Amino acid sequence: MFRRKTVPPDRVGWFAVRRELPPRRRALLTLLSFFGPLLLWCAVSYLPFIWHPEVQLTLAADRDGVTTSYSAGDRLSRDYFPEYVRQVMVDNAAIRAAHETGDSLEVTRRTNLRNLRQIVPWGMTNGYLTQESASDDSAMLRLWARAAQGDTGKRLRLSRENREIAATNWDMITTTATDPFDPRQLPTQPLLKLLPQGERSNPVYLPTPGDVIRAGWRDFTTPASAGGPALGERLRHSMRIVFGGFLLAALIGVPIGILCGTFDFFSRLIEPFVDFFRYMPAPAFSTLLVAIFLAHDAPKIALVFVGTFFQLVLVVANTARGLDHSLLEAAQTLGARQPQLLLRVIVPGILPRLYNDLRILLGWAWTWLVIAELIGVKSGLTEFIETQGRWRNFERVYPVIILIGFIGFFTDQILAALRPFLFRWTGDMPGQGAHGLATSVVAGPRWLTRTLTEGRLDAHPKFLKR
Amino acid sequence: MPDPTFSLPDYRRQSPEVAARFARLKERPVKLEVRTLGKTFASPQGQIEALRDVNFRIYRREIMGLTGASGCGKSTLMRVLAGLEYPTSGEVLLEGQPVRGPGPDRGMVFQSYTLFPWLTVKKNVLFGLEMSGRSGPVAESEARQWIDLVGLSAFENAYPHQLSGGMKQRVAIARALANQPKILFMDEPFGALDAQSRASMQRHLLEIWKHVDLTILLITHDLDEAVYLADRILVLDPNPGRIRELIEVPVPRPRAADQCFSPPFLAAKCHLESLIHPPGEPHGPNLNLVRMTPHDDNPE
């Protein structure tokens with residue numbers, strides 16, 4: 001009787017003006033709205049032909065007469081990489097020519113050693129070297145022996161040119177040295193340089209989903225380290241600041257807002273200034289807040305408070321004003337006096353809208369988090385983002401950013417899903433209306449939905465008889 | 001020319017029983033007296049006089065209808081009587097005491113129900129009692145009686161959004177009655193209902209009126225409703241709102257639905273019709289119409 005008319009699902013196309021799609025399609029599209037961007041990210045990350053404007057070096061080489069030196073892991077633009085390889089090949093050609101003519105180029109053992117060491121990343125990637133043996137030169141020379149014997153490696157393969165270079169170099173090393181694995185017995189003749197190898201990659205600011213997930217998993221599972229508290233502890237700290245500032249703002253702002261919406265006196269006295277004050281951006285007060293509240297969390301909570309309080313007062317005042325005036329008149333004809341009008345009519349009457357207002361303002365509070373944590377002594381998740389970002393460990397930054405998004409989003413979704421149960425008298429049903437993800441994907445636990453539906457009177461046998 | 005078989009009696013002609021009833025009615029105590037009431041609003045366009053020199057009396061257990069063209073000040077008058085607006089001149093006496101501000105001694109039922117949506121039916125009815133400091137089992141059982149009176153006992157724990165329009169209006173009536181007001185103001189109470197619910201609500205209201213000490217002032221646009229329910233009908237003229245006529249309805253009580261076609265009923269209704277829609281302009285205001293059909297194609 002009062003339920004919205006539902007159209008049989010098979011009659012509705014995908015595009016119908018102001019028509020709700022059937023639940024299954026709604027759920028599908030909601031999932032797609034998350035998986036779409038994720039798929040796009042995967043495609044850009046794992047399909048090199050889409051973008052990948054850079055080459056990340058797996059093997060590097062130094063060039064004669066060029067001071068800029070690269071090492072494995074560095075990124076070069078894709079256009080420059082062939083030039084880089086060519087320059088190394090020119091150096092190698094000169095060395096080969098010197099070998100044939102017998103000219104002795106001036107090369108020290110140290111230079112040879114430095115060039116030979118460029119093979120270390122190959123050993124590391126393939127697991128032939130451990131972190132500890134990475135600086136051990138005889139272990140490094142054993143890698144050359146391995147490569148000379150034709151081992152190309154599994155995870156990082158040596159190119160054919162580099163295998164030949166390895167063989168040539170190893171020949172020279174073994175002909176002069178009694179113990180080829182002793183770095184002090186390296187030949188003084190120049191040895192060939194490994195040619196640079198690389199993989200096409202995206203810029204450093206766009207790590208692959210795999211890297212992000214691995215880094216996130218590692219960061220969240222490792223306990224507190226020398227770099228500061230563990231991420232879980234940081235998260236709790238950040239949430240303390242957001243909810244602390246927000247609850248403080250709500251505790252003070254809601255009563256003031258209701259007073260403003262109820263009495264013109266308070267509205268005229270308070271709202272103009274509040275309206276003016278909210279245009280002063282909260283971050284502008286940061287140094288001031290630090291001066292007032294000193295270090296630790298107090299200035300941060302104060303910043304979240306300043307950022308939300310003034311908006312909250314105005315929003316709540318409008319909500320209080322929005323209550324149907326005829327309800328107040330009806331209450332007056334029933335004998336309600338001033339305090340009763342406020343406490344028995346206005347306050348209960350606006351609760352559902354107030355609840356929604358607070359949900360929106362909690363979202364505002366989250367947006368102030370990062371700035372709040374930057375002021376004074378950096379702390380919480382933001383400090384982690386800052387530090388890792390400065391080291392260009394962006395694959396460790398992304399999980400934290402996404403985490404903040406998730407916490408805010410899910411808090412809001414849970415609050416939205418709870419609303420019909422908190423305010424049953426509004427007649428809102430779970431899974432009805434534009435409540436977003438929680439309701440369209442999950443549609444609320446089925447048993448709860450049923451309980452509510454059966455509580456309705458249009459399903460009441462007595463009602464149907466009438 | 002009207003069909004001679006349908007010629008109606010004068011609406012002022014009353015059968016002996018009806019005349020005797022009105023004589024008795026006017027001997028009852030006066031519930032509400034309105035004396036030289038005037039109301040002027042200030043607006044950006046200047047002063048607007050909404051009511052001028054309104055005088056009338058309502059006797060105990062009378063149902064008085066209040067009707068007139070739209071914008072004639074019916075609602076303003078009722079809001080002044082209820083104390084939601086203050087009169088610019090004149091005074092309103094309720095049982096001899098001047099009215100100042102809204103109060104529980106004058107119940108009001110609005111067209112838009114105005115139930116508190118966050119309260120169940122029972123809590124809505126209890127609201128007035130709680131406002132006068134009464135709660136607990138005694139007040140609750142009293143509220144139940146009023147809910148029972150309007151026939152909604154099965155729904156006392158329902159929320160307003162679960163009820164139909166007619167049911168909501170019955171709750172509103174029960175809520176107003178629970179305060180046992182000296183007079184009940186009803187501002188087009190059934191205007192938002194469909195025809196069937198409206199008819200049943202009218203019968204229901206008469207039943208309640210018979211069983212409860214109730215004096216009613218009822219605004220209505222529906223002339224049938226006015227004649228069917230009211231003892232006397234106050235007709236207002238617009239701009240400024242003033243009393244055109246106070247009609248004594250010549251239909252005997254108890255009223256029944258089949259009286260709608262009795263000569264006194266029709267006579268009263270025709271007279272009301274002529275007061276509210278004067279016969280001078282049969283087609284309403286002049287419309288700027290262009291003929292879009294051939295001249296010989298006349299649907300009449």
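Is B:Asn239 buried, exposed or partly exposed, and how many other C-beta atoms lie within 10 Å? B:Asn239 has 13 of them, so it counts as partly exposed (buried takes 20 or more other C-beta atoms within 10 Å of a residue's own, exposed 12 or fewer, partly exposed anything in between, with C-beta atoms placed from the backbone). Before going further, bear in mind that this is a predicted model, in which local features need pLDDT of at least 70 and side-chain atom pairs count only at pLDDT 80 or more, while totals for chains, interfaces and linings use all residues. Residues are numbered from 1 along each chain as its sequence is written, and chains are lettered from A and ligands numbered from 1 in the order in which they are written.

Let's stay with B:Asn239 for a moment. You'll find it in the loop between S9 and S10 of chain B (strands are DSSP runs of E, at least two residues, and helices are runs of H or I, at least four, all numbered from the N terminus). B:Asn239 isn't a glycine, yet its phi is positive, about 50°. On top of that, a cis peptide bond links B:Asn239 to B:Pro240, with omega about -15°. As a rule, most residues other than glycine have a negative phi, and most peptide bonds are trans. For orientation, S9 covers 232-237 and S10 covers 242-248, with B:Pro240 in the loop between them.

Follow chain B past S10 and there's another cis peptide bond, between B:Arg253 and B:Pro254, with omega about 0°. B:Pro254 sits in the loop that runs from S10 to helix H8 (263-276).

Now go back along chain B to helix H5, residues 165-178. Its 14 residues should span 20 Å at 1.5 Å a residue, and its end C-alpha atoms are indeed 20 Å apart (the expected span is 1.5 Å times one less than the number of residues). H5(B) is mostly covered, with twelve of its 14 residues buried; among them are B:Met167, B:Val171, B:Ile173 and B:Leu177, along with B:Lys168, B:Arg170 and B:Arg175. What do they pack against? The partners of these buried residues in chain B are strands S6 (106-109) and S7 (183-187) plus helices H3 (121-131), H4 (137-149) and H6 (195-211). Just after H5(B), B:Gln180 takes a positive phi of about 45°.

Over in chain A, look at how helix H5 (residues 137-148) meets helix H6 (residues 160-176): their axes come within 8 Å and cross at roughly 115° (axes are lines fitted to C-alpha atoms, for helices over the stretch in contact, with angles from 0 to 180 degrees between N-to-C directions). From H5(A), the residues involved are A:Trp144, A:Ala145, A:Ala147 and A:Ala148, and they meet A:Arg163, A:Ala166, A:Ala167, A:Asn169 and A:Trp170 of H6(A) (contact means C-beta atoms, placed from the backbone, within 7 Å).

Chain A has a positive phi of its own: A:Arg18, not a glycine, comes in at about 50°. A:Arg18 lies in the segment before helix H1 (23-46), and it counts as exposed because it has 4 C-beta neighbours inside 10 Å.

Finally, the two chains touch. The contact takes 17 residues from chain A and 26 residues from chain B. On the chain A side, the elements giving two or more residues are helices H12 (325-333) and H13 (338-374), and H12(A) has the largest share, six residues.

Terms used: Two residues are in contact if their C-beta atoms, placed from the backbone, lie within 7 Å.
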